[in-house]
Amino acid sequence: MTHRDSRPTLSVMTTTGSHLRLVRVDELPAAKEQPYVRGMTGAGLDHVSSAIEGVIARFRTLVRSIGARRGLVEADLDEVLQDVRIRLWQAGEGGKTLEELGSSYLYHVATTAALDLLRRRRARRAADTEDISERTELRTENASPHDDVEARELAAQIDAAIDMLSIDRRVAVRFHLAGYDRADIARMLGWTEARTRNLVYRGLDDLRRRLTDMGISPRRTG
Amino acid sequence: MSRSFDDEALRAAYEPALRETSTTHGPDCPTETQLFAAVRGEGDEPERLRVLDHALKCPACRRDLALLHAVATGEMRAVPRAIRERSWRNWVPGALAASLLLAAGLAGVARLRNRGAEDITRAGAAAGPALLTPANGAAVRAGSVQFVWRPIPGVIQYTLEVDATDGTVLVSSTTRDTTFRAPIAATAVGENRWLIRAKLEDGSEKRSETWVLKVR
């Protein structure tokens with residue numbers, strides 16, 4: 001069994017108003033004498049667990065806020081965070097405190113967990129012998145089947161019109177319509193803010209012109 | 001005559017296309033590593049465009065893109081690229097850096113929440129300045145070109161913008177007047193576009209139509 005010295009080693013991130021700060025273990029109100037070791041039980045374990053859960057909860061809030069308007073699937077995030085939780089525990093058992101690990105470790109672990117999830121999912125699909133095509137609707141409106149079909153047809157026509165744009169405008173417009181902001185687009189494509197704005201404007205102008213030429217308007221016309 | 005989509009109507013009409021999600025990838029789908037590189041802005045632009053163009057249309061890749069973007073963005077917003085790449089390889093930071101990063105991430109989220117509708121989404125909904133000359137599609141010689149537009153009330157300043165086809169800004173000049181003579185370089189030969197953005201007293205912005213300007 002691993003033997004640890006008795007120095008207090010557990011530190012957690014906590015909130016003070018809207019600010020986060022790191023707290024040394026000797027500032028914590030309880031369980032400061034508890035080392036963070038394999039086989040820990042009782043109050044010490046609860047304390048470590050709640051520290052990790054606190055970090056996970058705040059990270060979840062951050063990621064959800066970013067992903068909410070951009071099509072993030074909640075189940076994917078849950079799976080990633082479960083993996084992050086396990087890795088934080090493992091890192092702790094390896095002798096690292098949360099303070100030592102820091103938030104960039106959290107980002108690193110979360111990103112690795114996300115990539116691992118995608119890898120596993122793709123490998124699983126590749127191993128399937130049958131041609132399984134899993135396609136689902138994220139949400140459905142309280143619309144009649146007829147309205148729903150019409151709405152899908154209109155969306156498909158818009159999609160076809162977007163396909164006709166030049167690739168830079170097409171990507172800019174699809175990002176814009178999918179809820180990504182200009183900073184997101186600029187960062188991913190290495191464009192300046194002005195160039196991004198222009199390509200979104202121009203792409204949307206081109207798209208409207210094409211839709212008008214195709215006789216497609218907000219109220220369906222033939 | 002049919003009316004045109006404003007941005008809100010366009011987003012609403014396109015939304016059903018975004019509802020479809022999948023975990024089934026096809027042979028043309030980029031790998032998760034290629035997708036992640038594109039999310040981080042790595043690699044050359046044509047490759048990033050190719051990967052993201054596919055990912056935004058494919059239901060399975062769009063879902064992956066949303067996850068990778070949401071997980072990686074906190075870090076990318078909080079840390080400059082050079083530091084990010086260094087810390088990626090050597091990730092054990094000090095406690096202060098850790099708390100600052102998370103605090104910065106949360107502050108970024110707060111800004112995101114407060115930002116609300118961007119000017120892009122307002123564009124096209126309200127009447128901006130009407131363009132007068134050069135006429136839409138007019139061909140001019142490289143050199144000094146006079147731009148004229150109609151005034152609108154409550155304006156602090158107008159910004160004339162001339163852009164190349166690839167979105168590069170050729171001219172961006174502000175004035176309180178409704179006319180501006182701008183130098184158009186010989187390198188701008190081809191089909192460009194120009195528009196006027198009007199900054200209003202209440203802090204909002206109205207945008208004119210975009211007109212084609214051909215430079216010979």
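The exercises below, each with a worked solution, walk through a predicted model of two chains.

In this predicted model, local features need pLDDT of at least 70 and side-chain atom pairs count only at pLDDT 80 or more, while totals for chains, interfaces and linings use all residues. Residues are numbered from 1 along each chain as its sequence is written, and chains are lettered from A and ligands numbered from 1 in the order in which they are written.

**Exercise 1. The two chains**

Task: Describe the secondary structure of chain A and of chain B, and state what share of each chain is buried.

Solution: Begin with the elements, where helices (H or I, at least four residues) and strands (E, at least two) are DSSP runs numbered from the N terminus. Chain A comes to seven helices and three strands, and from the N terminus on its elements run β-β-α-α-α-β-α-α-α-α. Chain B has seven helices and 10 strands.

Next take burial: a residue is buried if 20 or more other C-beta atoms, placed from the backbone, lie within 10 Å of its own, exposed if 12 or fewer do, and partly exposed in between. By that rule 39% of the 222 residues of chain A count as buried, and 38% of the 216 residues of chain B do.

Finally look at contacts, which join two residues whose C-beta atoms, placed from the backbone, lie within 7 Å. Among contacts in chain A between residues at least 6 apart in sequence, 62% join residues at least 24 apart.

**Exercise 2. Helix 5 of chain A against helix 3 of chain B**

Task: Work out how helix 5 of chain A and helix 3 of chain B pack, and which residues meet.

Solution: Helix 5 of chain A covers residues 167–177 and helix 3 of chain B covers residues 45–57; they pack at an angle of about 45°, with their axes 10 Å apart. Here axes are lines fitted to C-alpha atoms, for helices over the stretch in contact, and angles run from 0 to 180 degrees between N-to-C directions. The angle therefore makes helix 5 of chain A oblique to helix 3 of chain B, since angles under 35 degrees count as roughly parallel, over 145 as roughly antiparallel, 65 to 115 as roughly perpendicular and the rest as oblique.

The crossing of these two helices is left-handed, a term used if the near helix is turned anticlockwise from the far one by less than a right angle, with right-handed used if clockwise. On the chain A side the meeting residues include A:Ile167, A:Val171 and A:Phe175, and on the chain B side they include B:Leu49, B:Leu52 and B:Leu56. By class the contact has six nonpolar, no polar and five charged residues, where Ala, Val, Leu, Ile, Met, Phe, Trp, Tyr, Cys and Pro count as nonpolar, Asp, Glu, Lys and Arg as charged, and the others, Gly among them, as polar.

**Exercise 3. Two partners of helix 7 of chain A**

Task: Find how helix 6 and helix 4 of chain A pack on helix 7 of chain A.

Solution: Start with helix 6 (residues 182–189) and helix 7 (residues 193–213) of chain A, which pack at an angle of about 110° with their axes 9 Å apart. That angle makes helix 6 of chain A roughly perpendicular to helix 7 of chain A, and their crossing is right-handed. A:Arg182, A:Ile185 and A:Ala186 meet A:Glu193, A:Thr196, A:Arg197 and A:Val200.

Turn then to helix 4 (residues 145–163) of chain A, which packs with helix 7 of chain A at an angle of about 120°, their axes 9 Å apart. Helix 4 of chain A is therefore oblique to helix 7 of chain A, and passes it in a right-handed crossing. A:Ile158, A:Ala161 and A:Ile162 of helix 4 make this contact with A:Leu207, A:Arg210 and A:Leu211 of helix 7, and the residues divide into five nonpolar, no polar and one charged.

**Exercise 4. A:Ala172**

Task: Decide whether A:Ala172 is buried or exposed, and list what it touches.

Solution: A:Ala172 lies in helix 5 of chain A and is buried, because 31 other C-beta atoms lie within 10 Å. Not counting residues up to four places away in sequence, A:Ala172 touches A:Ile185, A:Thr196, A:Leu199, A:Val200 and A:Gly203. The C-alpha atoms of A:Ala172 and A:Ile185, 13 residues apart along the chain, are separated by 7.0 Å.

**Exercise 5. A cis peptide bond**

Task: Locate B:Pro134 and describe the peptide bond that leads to it from B:Thr133.

Solution: B:Pro134 lies in the loop between strand 2 (131–133) and strand 3 (138–140) of chain B. The peptide bond from B:Thr133 to B:Pro134 is cis, with omega near 5°.
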